[in-house]
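Visitor: Could you walk me through this one? I'm seeing it for the first time.

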Amino acid sequence: MSVDVADLYVTYRADIWHVIRRRLPMADAGTIDDLVGDTFVKAMAGAARYRDLGSAQGWLRKIARNVTVDYLRSPRSRVLDVLAPETVAVSDAGNDRHVDQIAVQDALTTLRPPDRAVIDGHYRDGQRLQD
């Protein structure tokens, strides 16, 4: 089943913008707009392969998360490196840490609520995993 990406753009553009904004709080609006565009371009490229196994919104959010991770790993996200070369190591470490956080958040969403509660309790409250 294929999907009409133009209709999805009208319906979910603002939602995808906010998804990307939450993942890149320091990015300017122009960068976020570019990444929203990239998200819908990727959706258009993959529309023929879209299978209606879940919501279209969820599918687009997953694409947006992947576009955000790609951006964080790309030279585009390192504009400050050109302006201040001494910040390269800090910038790369910060991007890697942010990518790791996104990966962990995505992985946690795949867990059942009781399993997620165990992980939350361990890392947030210091509970032992055996408890």
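Visitor: Where is threonine 39 found?

Guide: What you see is a predicted model: local features need a pLDDT (the predictor's confidence in each residue, from 0 to 100) of at least 70, side-chain atom pairs count only at pLDDT 80 or more, and totals for chains, interfaces and linings use all residues. Residues are numbered from 1 along each chain as its sequence is written, and side-chain values use heavy atoms, with hydrogens and water left out. Helices are DSSP runs of H or I with at least four residues, strands are runs of E with at least two, and numbering starts at the N terminus. Threonine 39 is found in helix α2.

Visitor: Is threonine 39 buried or exposed?

Guide: Buried means under 20% relative accessible area, exposed means over 50%, and partly exposed is in between, using a 1.4 Å probe and protein chains only. The relative accessible area of threonine 39 is 0%, so this residue counts as buried.

Visitor: Which residues is threonine 39 in contact with, leaving aside neighbours within four places in sequence?

Guide: A contact here means heavy atoms within 4.5 Å. With those neighbours set aside, threonine 39 is in contact with Ile16, Ile20, Leu60, Ile63, Ala64 and Val67.

Visitor: Which helices do the buried residues of α2 pack against?

Guide: The buried residues of α2 are Thr31, Ile32, Leu35, Val36, Thr39, Phe40, Ala43 and Gly46. An α-helix has 3.6 residues a turn, so residues three or four places apart point the same way. The buried residues of α2 pack against α1 (5–23) and α3 (56–73).

Visitor: How far apart are the end C-alpha atoms of α2?

Guide: The expected span of a helix is 1.5 Å times one less than its number of residues. Helix α2 covers residues 29–46, which is 18 residues, so the expected span is 26 Å. The model agrees, with the end C-alpha atoms apart by 26 Å.

Visitor: Which residue caps the N-terminal end of α2?

Guide: Polar contacts are pairs of N or O atoms within 3.5 Å; within protein, one must be able to donate a hydrogen and the other to accept it, and residues adjacent in sequence count only if both atoms are side-chain atoms. Here a side-chain oxygen lies 2.9 Å from the backbone nitrogen of glycine 30. That oxygen belongs to the capping residue, aspartate 28.

Visitor: The structure holds one aromatic pair; how many degrees are there between the planes of tyrosine 9 and phenylalanine 40?

Guide: Rings of Phe, Tyr and Trp (its six-membered ring) pair if their centres lie within 6.5 Å; planes under 30 degrees apart count as stacked, over 60 as edge-to-face and the rest as tilted. Tyrosine 9 and phenylalanine 40 are edge-to-face, 4.9 Å centre to centre, with an angle between the planes of 75°.

Visitor: How many residues apart in sequence are the parts this pair ties together?

Guide: Tyrosine 9 is partly exposed at 36% relative accessibility, whereas phenylalanine 40 is buried at 4%. Tyrosine 9 lies in helix α1 and phenylalanine 40 in helix α2, so the pair ties together parts whose separation in sequence is 31 residues.

Visitor: Which element supplies the largest share of the largest nonpolar core?

Guide: A nonpolar core is a set of buried Ala, Val, Leu, Ile, Met, Phe, Trp, Tyr and Cys residues joined through side-chain atoms within 4.5 Å. The largest one has 25 residues, of which Leu8, Ile16, Ile20, Trp59 and Leu60 touch the most other members. Helices α1, α2 and α3 each supply at least two residues. The largest share, eight residues, comes from α3.

Visitor: What does tryptophan 59 touch, not counting residues up to four places away in sequence?

Guide: Tryptophan 59 is one of the buried residues of α3. Beyond the residues up to four places away, it touches Val3, Leu8, Ala43, Gly46, Ala47 and Tyr50.

Visitor: Which residue has a backbone oxygen 2.8 Å from a polar atom of the side chain of serine 74?

Guide: Serine 74 is found in the loop between α3 and α4 (79–83). With a relative accessible area of 15%, serine 74 is buried. The backbone oxygen in question belongs to tyrosine 71.

Visitor: Over which residues is the pLDDT below 50?

Guide: The mean pLDDT of the chain is 75, and 60% of its residues reach 70 or more. One stretch has six contacts in the model beyond near neighbours in sequence, and its pLDDT is below 50: residues 80–91.
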